[in-house]
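Here is my note on the model, point by point. It starts with the nucleic acid and then turns to the protein contacts.

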Number of protein chains: 4
Amino acid sequence: MTDVGGIAAEQLRSFIERIERLEEEKKALQSDIKDIFAEAKGNGFDVKIMRQILKLRKMDQAEVDEQETLLDVYRQALGMLPPTE
Amino acid sequence: MTDVGGIAAEQLRSFIERIERLEEEKKALQSDIKDIFAEAKGNGFDVKIMRQILKLRKMDQAEVDEQETLLDVYRQALGMLPPTE
Amino acid sequence: MTDVGGIAAEQLRSFIERIERLEEEKKALQSDIKDIFAEAKGNGFDVKIMRQILKLRKMDQAEVDEQETLLDVYRQALGMLPPTE
Amino acid sequence: MTDVGGIAAEQLRSFIERIERLEEEKKALQSDIKDIFAEAKGNGFDVKIMRQILKLRKMDQAEVDEQETLLDVYRQALGMLPPTE
DNA sequence: AACGTTGAAATAGTTC
DNA sequence: GAACTATTTCAACGTT
């Protein structure tokens, strides 16, 4: 292992490059999403409305999840669940 | 106006200090909130549950707001509102 | 929490509402800060740099130095700096 | 959008779902990145500094220099630097 | 008391 | 250049 200034240089480089690759992939996906919006717009759909719909669907799901969490928290508070499962 | 390096130093200092004061006030409020949680806990309430309740109340409100925004967006898309009010 | 409809429920509501009020105030302060940045920008100042200034004024010098030293070590390990400057 | 129950609605649903799928994939990648940072940390690397490295590798040198120069001007204006170093 | 988790705040990039 | 979106960063919090 090559040590530069007390650092395992090769290992560091490997971590950095793996992250950069994944970030590239993320960027590509973002670009795909952009393309879909553009395609939808070309088909006469209103992108702004689509974004609102997506946001609402996300919020709805979050709300459901949150309700279930709250339920569990209450259950635990009332001793209806093992303390730490 | 005292110019240092081409910068209106007095004015800059004034902006910076005003912001720092407001941030102090924010910090104080945050501390107050913490105290209330502690007080509630001392009265037998479960802080975790309280946080869940606060989160849900916020989400509900956000959802209502979002619905109204969506409605407006639809209205505008359908020509029921002036384009840019 | 079991005394729904009685004292406990009232007390819980009170705690929740006090916290919500304080959070509203925090939001208002945040908005004031935003306004000051906007005003500064209107007077030709660079908001981003101002934020860095604020951050530096919060940090102690030892911290700043340590971070910069470590960053250089990593940069050298990755060949991002000339070998012996 | 007016053709509810017909082709348009189906098409809209398709666009929405494709986007949601891509966003899921993005989330998964983000999670992978998180894991790598955790692994690096477990190997003794400083995650915060790694982030700075990643940012520097993205920026061009001219940008970096310009920011630092401006920051010094502001610091001098506020007396945060010795008058003539 | 370090650790990871989460939520808020800031920055950067994109669109109009 | 103004507004919006998305990403990143930072700080608080509970957890172990």
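1. DNA strand E is surrounded by ten residues' worth of side chains drawn from four chains, listed here by name: Lys34(A), Lys41(A), Lys26(B), Lys55(B), Lys58(B), Gln30(C), Lys48(C), Arg51(C), Lys34(D) and Lys41(D). Sugar and phosphate account for 100% of the strand E atoms that come within 4 Å of the protein. Being near a strand here requires a residue heavy atom within 4 Å of it.

2. This is a predicted model: local features need pLDDT of at least 70, side-chain atom pairs count only at pLDDT 80 or more, and totals for chains, interfaces and linings use all residues. Residues are numbered from 1 along each chain as its sequence is written, chains are lettered from A and ligands numbered from 1 in the order in which they are written, and side-chain values use heavy atoms, with hydrogens and water left out.

3. Which residues place polar side-chain atoms by the phosphates of DNA strand E? Lys58(B) is one of them, with a side-chain N or O atom 2.5 Å from a phosphate oxygen. For Lys41(A) the distance is 3.1 Å. For Gln30(C) it is 3.2 Å. A polar contact is a pair of N or O atoms within 3.5 Å; within protein, one must be able to donate a hydrogen and the other to accept it, and residues adjacent in sequence count only if both atoms are side-chain atoms.

4. The surface near DNA strand E holds no nonpolar residues, one polar and nine charged. The classes are fixed by residue type: Ala, Val, Leu, Ile, Met, Phe, Trp, Tyr, Cys and Pro are nonpolar, Asp, Glu, Lys and Arg are charged, and the others, Gly among them, are polar. Four helices each supply at least two residues of this surface: helix 1 (9–42) of chain A, helix 2 (47–77) of chain B, helix 2 (47–58) of chain C and helix 1 (7–42) of chain D. Helices are DSSP runs (H or I, at least four residues), numbered from the N terminus.

5. DNA strand F has 13 residues around it. Lys26(A), Arg51(A), Lys48(B), Lys55(C) and Lys26(D) come nearest. Again, 100% of the strand F atoms within 4 Å of the protein belong to sugar or phosphate. By class, this surface has one nonpolar, two polar and ten charged residues.

6. The phosphate distances for DNA strand F can be listed briefly. Arg51(A) has a side-chain N or O atom 3.0 Å from a phosphate oxygen. Lys26(A) lies at 3.1 Å. Lys48(B) also lies at 3.1 Å. Helix 1 of chain A, helix 1 (9–42) and helix 2 of chain B, and helix 2 (47–58) of chain D each supply at least two residues of the surface near DNA strand F.

7. Now the contact of chain D with chain A. Each chain contributes 29 residues, where contact means heavy atoms within 4.5 Å. The buried area is about 3,000 Å², and carbon and sulfur atoms give 74% of it. Buried area is the accessible area (1.4 Å probe) that two parts lose on being put together, summed over both.

8. How many salt bridges link chain D and chain A? The count is four, with a salt bridge defined as a side-chain nitrogen of Lys or Arg within 4 Å of a carboxyl oxygen of Asp or Glu. Arg18(A) and Glu39(D) form one, at 3.3 Å from N to O. There are also eight residue pairs in polar contact. On the chain D side, helix 1 gives the most, with 21 residues. That side divides into 16 nonpolar, three polar and ten charged residues.

9. Chain B and chain D bury about 660 Å² between them, 79% of it on carbon and sulfur atoms. Eight residues come from chain B and six from chain D. The interface has zero salt bridges and one residue pair in polar contact. Helix 1 of chain B gives the most to the chain B side, with four residues. By class, that side has six nonpolar, one polar and one charged residues.

10. Last, the domains of chain A. Domain 1 covers 1–45 and domain 2 covers 46–85; these bounds come from an automatic or database domain assignment. Their centres, taken over C-alpha atoms, are 30 Å apart. Five residues from each domain make the contact. The area buried between the two is about 440 Å², 81% of it from carbon and sulfur atoms. In domain 1, Phe37(A), Ala40(A) and Phe45(A) lose the most area to domain 2, together 91% of what that side buries. Between the domains there are zero salt bridges and zero residue pairs in polar contact.
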